[in-house]
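Reader: Hello! I have a two-chain model open on my screen and would love a close look at the part where the chains meet. Could you walk me through that contact, with enough background on each chain to place it?

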Amino acid sequence: MTSGTAHTSVGAEPPDSPLELTVNGRPRRALVRSHHTLLEVLRTDLGLTGTKECCLVGECGACTVILDGRSVDACLVLALEAAGSDVVTIEGLAAADGLDALQQAFLDHGAAQCGFCIPGQLVAARALLQAIPEPSRAEVEDGLAGNLCRCAGYEQIIEAVLDAAERQARPAAVHAPERASAPKGPPAGPDPASVPDARVAPQ
Amino acid sequence: MRAFAFEQPGSLAEALAILRAEPDARILAGGTDLIIGLRDGSILSPTVIDLKRVRELDASIVETVGGLAIGALTAMTEIAADPRIRARYTALAEGAAVVGSVQIRNRATLAGNICNASPAADTTPALLAFGAVLTVHGPDGSRQVALDDAFVSSGVTTLGHDEIVVRIDLPAIPGRVGSTHVRRTRRRGHDLASVTIACAVLESGETRVAFGSVGPRPLLRVDTTGILADPSATDAARLEILDDVFAAAAPSAGSMRASPEYRLAMLRVLGLRAVETARARRDGAAA
Ligand SMILES: Cc1cc2nc3c(=O)[nH]c(=O)nc-3n(C[C@@H](O)[C@@H](O)[C@H](O)COP(=O)(O)OP(=O)(O)OC[C@H]3O[C@@H](n4cnc5c(N)ncnc54)[C@H](O)[C@@H]3O)c2cc1C
Ligand code: FES
Ligand code: FES
């Protein structure tokens with residue numbers, strides 16, 4: 001992992017540059033190195049560690065954030081490329097009054113095992129549902145193909161996304177449709193321990 | 001990642017001036033190849049020039065006389081979704097749709113896929129089959145380069161270090177056309193392909209077959225006998241033509257992805273399938 005390691009400078013190094021962007025609805029600024037990625041700046045400079053660092057080659061999706069409305073791997077975006085942009089991270093998913101439909105559905109379906117890939121899965125799923133509010137199963141599979149899960153909880157994750165889409169499409173539905181599982185009571189009180197970073201990290 | 005200076009020029013002239021002053025500067029579009037190279041040290045560059053604020057460049061897809069012009073910043077997501085590309089240049093939409101993942105397709109540009117010149121790139125066979133033409137800006141102004149004249153070998157093009165692709169033209173196709181992109185990968189999802197083929201069957205009976213991953217650069221071959229495009233042609237007759245088409249395939253023995261024998265066998269199988277799919281699409285049948 002390259003981030004966080006001491007910098008061995010050779011010759012004249014470019015000075016830090018000011019970066020301004022909006023993260024989870026709040027204007028943020030930082031002085032950043034031009035070769036640092038959006039992932040490094042989110043985690044290190046802005047303290048938003050919900051976005052995970054893993055493969056650093058765009059294969060795993062653990063670092064997924066929404067940049068100007070589209071999901072991207074933050075490990076493949078330079079921080080300065082995001083100047084002036086609007087970024088949504090996992091910390092920005094929860095609504096003020098509790099978990100959003102996706103987070104609740106992930107809990108209900110037991111989609112999180114070790115949990116490491118889950119922030120990326122949730123953010124990718126959020127972008128998917130923004131683009132396709134009622135996706136087919138194949139569209140969910142394709143939409144999340146860039147998010148690997150070492151615990152291989154793919155089935156539960158796909159079910160959770162389909163369920164969340166349905167809850168969003170029919171929020172007033174009182175009785176649960178036939179799809180298995182998914183107790184549909186009012187959202188349980190947010191449990192910070194089960195949603196790493198969602199409530200504890202600074203936004 | 002090694003430190004580098006980051007430039008966001010607002011105009012082509014500024015970008016070209018930086019390239020002239022810095023022979024080792026590198027152009028950044030979506031970054032899905034470049035940032036990986038910068039991080040693993042295979043690319044060392046003192047200066048990275050981001051194209052995304054250059055006012056002459058955009059992510060547009062506009063109609064030209066019968067064809068389409070694609071801006072240098074257009075990403076795979078737009079290519080795969082564009083109704084005009086899906087209808088007339090289907091193989092290109094299909095190729096763009098299988099690049100990496102949603103996250104990758106949201107960043108990866110078509111121009112970057114071309115300039116990176118990977119023999120396994122998923123959009124270049126379709127672009128070759130459709131006769132794509134690049135408009136390139138350099139120190140001496142603007143020039144046009146037929147895509148077939150741009151590729152040399154893996155990672156190497158005939159474009160100068162100080163030239164910037166500003167748009168990609170898809171020429172008009174006369175009459176009905178059907179096309180498809182097929183590829184063979186070890187697993188579903190984002191994995192570079194071991195065989196990539198794009199095939200376009202035209203109303204005239206001409207069939208254009210372009211293929212990659214089986215040599216240092218993607219290749220285009222055109223069948224004018226009409227046999228590939230003939231619905232009543234037997235597989236045997238088509239294979240005879242396809243064996244000529246694929247004669248120049250030279251997969252390297254050193255690849256971890258697939259042996260040369262396997263790739264050559266898959267070329268014939270997928271080639272036959274691609275021809276029939278494209279032919280059926282041209283003739284309006286569901287394929
Ligand atoms: C996880 C992952 C999976 C992938 N899967 C696939 C796949 O399935 N199929 C596939 O084909 N590709 C795949 N790729 C590679 C694909 O994303 C790239 O080839 C992409 O299209 C390059 O475009 P970019 O905008 O990201 O280019 P960049 O990385 O920004 O640039 C690539 C190269 O092109 C040059 N360049 C870019 N734009 C211009 C321009 N306008 N003028 C001159 N030079 C320019 C740059 O200097 C650089 O050398 C994958 C990549 C990753 C990380
Ligand atoms: S850490 Fe970015 S895709 Fe794996
Ligand atoms: S829950 Fe462990 S990696 Fe996905």
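**Where chain A meets chain B**

Author: Happy to! Let us begin with the partners; chain B has ten helices and 14 strands. Its radius of gyration is 19 Å, close to the 19 Å that the globule rule gives for 287 residues, so chain B is as compact as a globular protein of that length. Please keep in mind that this is a predicted model. Along its principal axes, the C-alpha trace of chain B spans about 60 × 45 × 35 Å. Of the 287 residues in chain B, 55% count as buried. If you take the contacts in chain B between residues at least 6 apart in sequence, 60% of them join residues at least 24 apart.

Chain A has five helices and five strands. Following the sequence, you will meet them in the pattern β-β-α-β-β-β-α-α-α-α. For chain A, 48% of its 203 residues count as buried. Among contacts in chain A with a separation of 6 or more, residues 24 or more positions apart account for 58%.

Now to the contact itself. Chain A brings 32 residues to it, and chain B brings 30 residues. A common way to express the size of an interface is the accessible area lost when the parts come together. Here the two chains, A and B, bury about 2600 Å² between them, with 52% of that area on carbon and sulfur atoms. Three residues are worth picking out on your screen: Arg70(A), Leu76(A) and Glu81(A) supply 25% of the area that chain A buries against chain B, more than any other three residues.

There is charge pairing to look at too. Four salt bridges are found across the interface of chain A and chain B. One of the salt bridges joins Asp142(A) to Arg105(B), whose closest N and O atoms are 3.2 Å apart. For polar contacts, the count between chain A and chain B is 14 residue pairs, with both residues at pLDDT 80 or more.

Which elements of chain A take part? Those giving two or more residues to the side that touches chain B are β3 (64-67), β4 (70-73) and α4 (137-143) of chain A. Of these, β4(A) gives the largest share, four residues. Sorted by class, the side of chain A that touches chain B has 14 nonpolar, twelve polar and six charged residues.

From the other chain, Thr32(B) makes a good stopping point. You will find Thr32(B) in the loop between β2 (26-28) and α2 (34-40) of chain B. With a relative accessible area of 16%, Thr32(B) falls under the 20% cut-off and therefore counts as buried. Leaving aside neighbours within four places in sequence, Thr32(B) is in contact with Leu76(A) across the interface, and with Ile104(B), Arg107(B) and Ala108(B) in its own chain.

Finally, a look at the backbone. Most residues other than glycine have a negative phi. Asp68(A), in the loop between β3 and β4 of chain A, has a positive phi, near 45°. At 47% relative accessibility, Asp68(A) counts as partly exposed. Ser213(B) also has a positive phi, near 70°, and sits in the loop between β13 (207-212) and β14 (219-223) of chain B. Ser213(B) counts as buried, at 8% relative accessibility.

Notes:
Residues are numbered from 1 along each chain as its sequence is written. Chains are lettered from A and ligands numbered from 1 in the order in which they are written. This is a predicted model: local features need pLDDT of at least 70, side-chain atom pairs count only at pLDDT 80 or more; totals for chains, interfaces and linings use all residues. Side-chain values use heavy atoms; hydrogens and water are left out. Contact means heavy atoms within 4.5 Å. Buried area is the accessible area (1.4 Å probe) that two parts lose on being put together, summed over both. A salt bridge is a side-chain nitrogen of Lys or Arg within 4 Å of a carboxyl oxygen of Asp or Glu. A polar contact is a pair of N or O atoms within 3.5 Å; within protein, one must be able to donate a hydrogen and the other to accept it, and residues adjacent in sequence count only if both atoms are side-chain atoms. Ala, Val, Leu, Ile, Met, Phe, Trp, Tyr, Cys and Pro count as nonpolar, Asp, Glu, Lys and Arg as charged, and the others, Gly among them, as polar. The radius of gyration is taken over C-alpha atoms; the globule rule is 2.2 Å times the number of residues to the power 0.38. Buried means under 20% relative accessible area, exposed over 50%, partly exposed in between (1.4 Å probe, protein chains only).
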